[in-house]
Amino acid sequence: MRELAVKVSKLKKEYSSASQKIIALKEIDLKIEKGEFVTIMGPSGAGKTTFLNLVGCLDRPTSGKLDILGCDPTEFNEEKLSRIRVEEIGFIFEDFFLISFLNALENVQLPLIFARNYINNDRSRDLLKRVGLDHRLTHFPNELSGGELQRVAVARALANNPEILLADEPTGNLDTKNAQGLFSLFRNLNREEGLTIVVATHNIKLGYSTDRVIHLNDGKIEKDERLGKQDGR
Ligand SMILES: Nc1ncnc2c1ncn2[C@@H]1O[C@H](COP(=O)(O)OP(=O)(O)O)[C@@H](O)[C@H]1O
Ligand SMILES: [Mg+2]
């Protein structure tokens with residue numbers, strides 16, 4: 001068995017407001033190996049974002065065990081948590097979240113500056129080249145298409161060379177062609193660089209182009225399907 005990227009045991013997340021409690025994750029157990037390309041599939045409200053936020057150390061579980069790359073983030077203080085977020089995990093969201101007054105190159109440099117306090121033009125340029133955008137380095141977000149914006153977001157997520165890439169409905173704002181393009185970029189990054197990728201989507205076709213589909217519904221894992229190796233797609 002390969003090393004584990006993520007291991008959760010009896011992971012529970014409860015949100016409470018004045019009027020009600022919602023259990024978004026109901027004691028789930030799950031292991032994801034390093035180098036896996038996995039889809040979390042499920043309808044709206046299933047708990048996909050909650051799960052990714054816990055794995056990405058953006059939020060803390062109510063109870064249960066969480067092991068991310070051999071660390072237990074529930075034992076970390078904020079400073080250590082933010083280091084693991086910045087250095088080990090790359091995030092991509094549905095809405096891209098690029099900074100509008102920075103160009104593509106500057107957006108990709110941002111996490112590098114956070115992590116190490118220096119500007120690395122070469123690395124940022126290489127990453128933009130890697131995602132097929134070396135001709136768009138000095139374009140600002142409002143000069144880029146949806147597909148291009150998401151590629152900049154991928155390059156930014158990879159800036160600190162993370163072990164795990166988490167993507168929360170990354171194709172929600174993309175047309176079919178750009179959505180497929182994004183998933184083939186994920187496939188290449190997974191195959192060529194061994195990047196562990198966990199993507200939440202309710203797009204069945206895209207989900208089934210990955211190696212494993214974990215079906216989440218109402219905070220529980222209903223089915224965990226390992227698909228044949230998808231090489232050659
Ligand atoms: N911050 C929050 N406060 C209260 N309830 C929340 C919060 N975030 C999510 N929920 C609830 O938790 C459940 C799971 O949400 P979420 O993880 O966002 O699902 P998904 O991403 O699959 O659509 C939903 O019922 C949602 O309304
Ligand atoms: Mg969600």
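Around ligand 1, β2 and α1 each supply at least two residues of the shell. Helices and strands here are DSSP runs, numbered from the N terminus: H or I over at least four residues for a helix, E over at least two for a strand. The largest share of this shell, three residues, comes from α1. The surrounding residues are Tyr15, Ile22, Ala24, Gly42, Ser44, Gly45, Ala46, Gly47, Lys48, Thr49 and Thr50, where a residue is near a molecule if its C-beta atom, placed from the backbone, lies within 6 Å of it. By class, the shell holds four nonpolar residues, six polar ones and one charged. Ala, Val, Leu, Ile, Met, Phe, Trp, Tyr, Cys and Pro count as nonpolar, Asp, Glu, Lys and Arg as charged, and the others, Gly among them, as polar.

The model is a predicted one, in which local features need pLDDT of at least 70 and side-chain atom pairs count only at pLDDT 80 or more, while totals for chains, interfaces and linings use all residues. Residues are numbered from 1 along each chain as its sequence is written, and chains are lettered from A and ligands numbered from 1 in the order in which they are written.

β2 belongs to an open sheet of three strands, in the order β2-β1-β4 and with antiparallel pairing; two strands pair if DSSP finds at least two bridges between them. β2 (21–33) and β4 (63–68) are the edge strands, and each has a single partner, so one side of each is left without a neighbour in the sheet. On average, neighbouring strands of this sheet are turned by 15° against each other, direction ignored. Angles run from 0 to 180 degrees between N-to-C directions, and axes are lines fitted to C-alpha atoms, for helices over the stretch in contact.

Within this sheet, β1 (residues 4–16) pairs with β2 in the antiparallel sense over nine bridges. The two strands form a hairpin with four residues between them. Two positions help to locate the pairing: lysine 7 has lysine 31 of β2 as its bridge partner, and glutamate 14 stands opposite isoleucine 23 in β2. β1 is also joined to β4, antiparallel again, by five bridges. There, serine 9 has lysine 65 of β4 as its bridge partner.

The other sheet is also open. Its six strands follow the order β5-β6-β7-β3-β8-β9, and the pairing is mixed. At its edges stand β5 (89–93) and β9 (220–226), each with a single partner strand, so one side of each is left without a neighbour in the sheet. From one strand to the next, the twist averages 15°.

β7 (residues 196–201) has parallel partners in this sheet: β3 (residues 37–41) over five bridges, and β6 (residues 164–168) over five bridges. Methionine 41 has threonine 201 of β7 as its bridge partner, and leucine 166 has valine 198. β3 in turn runs parallel to β8 (residues 212–217), joined to that strand by four bridges. In that pairing, threonine 39 stands opposite valine 213 in β8.

How is β7 covered? Six of its six residues are buried, that is, each has 20 or more other C-beta atoms within 10 Å of its own, against 12 or fewer for exposed and a count in between for partly exposed, with C-beta atoms placed from the backbone. In a regular strand the side chains alternate between the two faces of the sheet. Thr196, Val198 and Ala200 point one way from β7, and Ile197, Val199 and Thr201 point the other way; all are buried.

Helix α1, already met at the ligand, touches strands of both sheets. α1 lies across β3, β6, β7 and β8, running at about 155° to β7, where two residues are in contact if their C-beta atoms, placed from the backbone, lie within 7 Å.

Further along the chain, helix α3 (residues 104–116) and helix α4 (residues 121–130) pack at an angle of about 120°, their axes 9 Å apart. Ala104, Leu105, Val108, Gln109 and Leu112 in α3 meet Arg123, Ser124, Arg125, Leu127 and Leu128 in α4. The residues of this contact divide into six nonpolar, two polar and two charged.

Glycine 132 is found in the loop between α4 and α5 (146–157). With 15 C-beta neighbours inside 10 Å, glycine 132 counts as partly exposed. Its C-alpha atom is separated by 8.8 Å from that of glutamate 148, 16 residues apart along the chain.
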